[in-house]
Amino acid sequence: MEFNIDKIDGNARACTIKTAHSTIQTPIFMPVGTVGAVKSLDAFDLMQTLDAKIILANTYHMYLRPGSKIVKNFGGLHGFTKFNRSFLTDSGGFQAFSLSDISKPDENGIKFRSHIDGSKHYFTPKSVLDTQYDLGSDIMMILDDLVGLPATKKRVDESIKRTIKWAKEAIDYHKLNQNKGVGIGQNLFGIVQGGTDYEARKFCAQKLCEMEFDGLAIGGLSVGESNEEMYDTVEGVMPFIDKNRPRYLMGVGTPEDLVENIERGVDMFDCVMPSRNARNGTLFTSFGKINIKGAKFINDHEPVDKTCNCHTCKNYSRAYLNHLYRSKELTFYRLATLHNLHYYLNLVKDAREAILKGKFSEFKKEFYSLRSL
């Protein structure tokens, strides 16, 4: 992986990441394709209509169904899904934590039951990498010990101790495998844990920066803390995360969250919010959110957002989308998802252009001013 910082404006960064499958200009938002597909979209939609350079798939879900060996037989995620640009795969630790009725971390990994059939499984730092080698993703995430918030200091300390231990096991295992010719084109990111505890985050970040990770992520946020606590945590830990590697804030968030954390120096984001909200009728616009199922849109000739040039806004009215939603027509999911993801991708693209011009503060002011109209 090649990584270059193109411009810094305050703490906001415009960078370029080159993987084996695509060139990614940051700040970037990664659409979430949990089971190898962004819900309601296919590879053509993602590449030709949205021009997404990287998407996320989940190790937990692909491990359980269809199984990583099947995906490997099709040439990994790229061959299986036909999305031939970059993939990032989460380690699956969050899903094991959140979806299992019985999920229990110990010193060596995470025991859990499948949410599909209740079968027992065990993730370790090495086993999740083996799965990701099969998937062939461009960026692999390590197994970390996630804690929900609020959490006790004892639990946070236990989490960072395990996360650092597992990180060392993962990077050593990855380097060993690369020496054997496995995972040559794949990159490994560490994950900084520590809840909202400044000292815990600092300690964990410093320890992970000592290891040869290709990038570093901030995990364990947007799991119960307030927005201000999230922003303060990111701002507090950022000085201790190597500036010469990509910085990824996992599972975040709203358009406001993206703008605030770009300002704090984050390069990469993912979240199910734009696609999930689309399916529920909530659409993001330059002036805020609208709920398209409302009666006021039944005879509305306008597009969702007059300033938007996405496929949906260029071709269809609010009235038509309202009709599709009320009729439970499946076409609605595709058109709404295309709009929301276009909005997110365009938002980070505009943020990048502002950073390159040294005008990010003006961009942020305009972003908020449009929402107050």
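In the predicted model, S91 is placed in the loop that runs between β6 (86-90) and α5 (93-99). The relative accessible area of S91 is 0%, so the residue is buried. Leaving aside residues up to four places away in sequence, S91 is in contact with T59, F123, V128, Q132, M141, I142, L143 and D144. One polar contact of S91 runs from its side chain to the backbone oxygen of I142, at 3.1 Å.

F94 is part of helix α5. Its relative accessibility is 37%, and F94 is therefore classed as partly exposed, whereas S91 is buried. Beyond residues up to four places away in sequence, F94 touches L146 and V223.

Both S91 and F94 fall under the UniProt annotation "binding site", taken from an unreviewed entry, which also covers D90, G92, G93, D144, Q193 and G220. Of the annotated residues, D90, S91, G93, F94, D144, Q193 and G220 are included in the lining of the largest pocket. D144, which is among these lining residues, is also one of the residues touched by S91.

On the other side of β6, R85 is located in the loop that connects α4 (76-81) to this strand. R85 has a relative accessible area of 16% and is buried, because the cut-off for burial is under 20%. The side chain of R85 forms a polar contact of 2.8 Å with the side chain of D51. Besides D51, the contacts of R85 comprise H21, S22, M47, A52, K53, H78 and D138, again without residues up to four places away in sequence.

Helix α8 comprises 12 residues (residues 198-209). A rise of 1.5 Å a residue gives an expected span of 16 Å, and the C-alpha atoms at the two ends are 16 Å apart, so the expected span and the model agree. At the start of α8, the backbone nitrogen of E199 is reached to within 3.0 Å by a side-chain oxygen of D197.

The buried residues of α8 are A200, R201, C204, A205 and L208. Viewed down the helix axis, these buried residues fall within an arc of 125°, and therefore they line one face of α8. The elements covering them include the helices α7 (153-179) and α9 (227-237), together with the strands β11 (187-192) and β12 (215-218).

How values were computed. Residues are numbered from 1 along each chain as its sequence is written. This is a predicted model: local features need pLDDT of at least 70, side-chain atom pairs count only at pLDDT 80 or more; totals for chains, interfaces and linings use all residues. Side-chain values use heavy atoms; hydrogens and water are left out. UniProt positions are given in the numbering used here, feature names are shortened, and annotations may be inferred rather than shown by experiment. On a 1 Å grid over the protein atoms alone, a cavity is a set of points where a 1.4 Å probe fits but cannot get out, and a pocket is an open set with protein on both sides within 12 Å along at least five of seven lines; lining residues have an atom within 4 Å of a point. Helices (H or I, at least four residues) and strands (E, at least two) are DSSP runs, numbered from the N terminus. Buried means under 20% relative accessible area, exposed over 50%, partly exposed in between (1.4 Å probe, protein chains only). Contact means heavy atoms within 4.5 Å. A polar contact is a pair of N or O atoms within 3.5 Å; within protein, one must be able to donate a hydrogen and the other to accept it, and residues adjacent in sequence count only if both atoms are side-chain atoms. The expected span of a helix is 1.5 Å times one less than its number of residues. The arc is that of the directions from the helix axis to the C-beta atoms.
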